[in-house]
Amino acid sequence: MKPIDIFKERLNRLTETQKAYIAGILDGEGSIGLYKATKREGTSIMTRITLIVNTDLRLIEYVADLIGKEFVYKTNKSNTWCVKLSSRMFAKEFLLKIIPYLVAKKDRALNAIKFIELRDGRFHQKYSEEELLLVELSKKGNAKMGRALW
């Protein structure tokens, strides 16, 4: 069985409550973005990252028990752990399951899904104007984090 199929099985076993809980964590403690990464040979690629960061390992372990421990990483900061989905297939499947429960990051999730769908089968081709626009929207959305509402 392929890793993506195992992942989809895990996601299909999530209860509605678990999906809502994970979405709430992602809304409050997470990041959904499209980031520019430079490969060794100097070419640029856009990566999709869905990330939950927290210092409470119990929370990270809970999410890992639901979606898979292979997505848990220790960060460079002391006592900080994260759940990271950078594979386009995994990120898309994850976002599709929790998007009905997202509030603050729903637009970012929709943009990330759209970007992934546009790139499907075009991995080494030039980025379209629409794809670059989605990356710019992602940057603007992440820059607004932490801004007071009133």
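This is a chat about aromatic pairs, charges over rings and a cavity in a predicted model.

Reader: Let's start with the rings. How many aromatic pairs does the structure hold?

Author: Four aromatic pairs turn up in this predicted model. One of them is Phe7 with Phe71, an edge-to-face pair at 5.2 Å centre to centre and 65 degrees between the planes.

Reader: Where do Phe7 and Phe71 sit along the chain?

Author: Phe7 is in helix H1 (residues 3-13), while Phe71 is in the loop between helix H3 (57-67) and strand E3 (72-74). They are 64 residues apart, so the pair links distant parts of the chain.

Reader: And is Phe71 buried or exposed?

Author: Phe71 counts as buried because its relative accessibility is 9%, and the cut-off for buried is under 20%. Phe7 is buried too, with a relative accessible area of 0%.

Reader: OK, what about Phe7 and Phe90, how are those rings arranged?

Author: Phe7 and Phe90 make a tilted pair, 4.9 Å centre to centre with 50 degrees between the planes. Phe7 lies in helix H1 and Phe90 in helix H4 (residues 88-98), so this pair ties together parts 83 residues apart in sequence. Phe90 is buried, as is Phe7.

Reader: Which residues make up the aromatic cluster, then?

Author: Phe7, Phe71 and Phe90 form one aromatic cluster.

Reader: Switching topic: which ring does the charged end of Lys74 sit over?

Author: That would be the ring of Trp81, with the charged end of Lys74 5.4 Å from its centre. There's also Lys84, whose charged end sits over the ring of Tyr73, 5.3 Å from the ring centre.

Reader: Now the empty space. How many cavities of 30 Å³ or more are there?

Author: The count comes to two cavities of 30 Å³ or more. The second largest has a volume of about 50 Å³.

Reader: What lines the second largest cavity?

Author: Its lining is made of Ile32, Gly33, Leu34, Arg108, Asn111, Ala112, Leu137 and Ser138.

Reader: Which elements supply at least two residues each to that lining?

Author: Strand E1 (30-38), helix H5 (106-119) and helix H6 (129-143) each supply at least two.

Reader: And how do the lining residues divide into nonpolar, polar and charged?

Author: For the second largest cavity, the lining has four nonpolar residues, three polar and one charged. Gly33 is in the lining, and Gly counts as polar here.

Conventions:
Residues are numbered from 1 along each chain as its sequence is written. This is a predicted model: local features need pLDDT of at least 70, side-chain atom pairs count only at pLDDT 80 or more; totals for chains, interfaces and linings use all residues. Side-chain values use heavy atoms; hydrogens and water are left out. Rings of Phe, Tyr and Trp (its six-membered ring) pair if their centres lie within 6.5 Å; planes under 30 degrees apart count as stacked, over 60 as edge-to-face and the rest as tilted. Helices (H or I, at least four residues) and strands (E, at least two) are DSSP runs, numbered from the N terminus. Buried means under 20% relative accessible area, exposed over 50%, partly exposed in between (1.4 Å probe, protein chains only). A charge sits over a ring if NZ of Lys or CZ of Arg is within 6 Å of the ring centre and within 35 degrees of the ring normal. On a 1 Å grid over the protein atoms alone, a cavity is a set of points where a 1.4 Å probe fits but cannot get out, and a pocket is an open set with protein on both sides within 12 Å along at least five of seven lines; lining residues have an atom within 4 Å of a point. Grid points are joined across faces, edges and corners, and a volume is the space filled by probe spheres set on the points.
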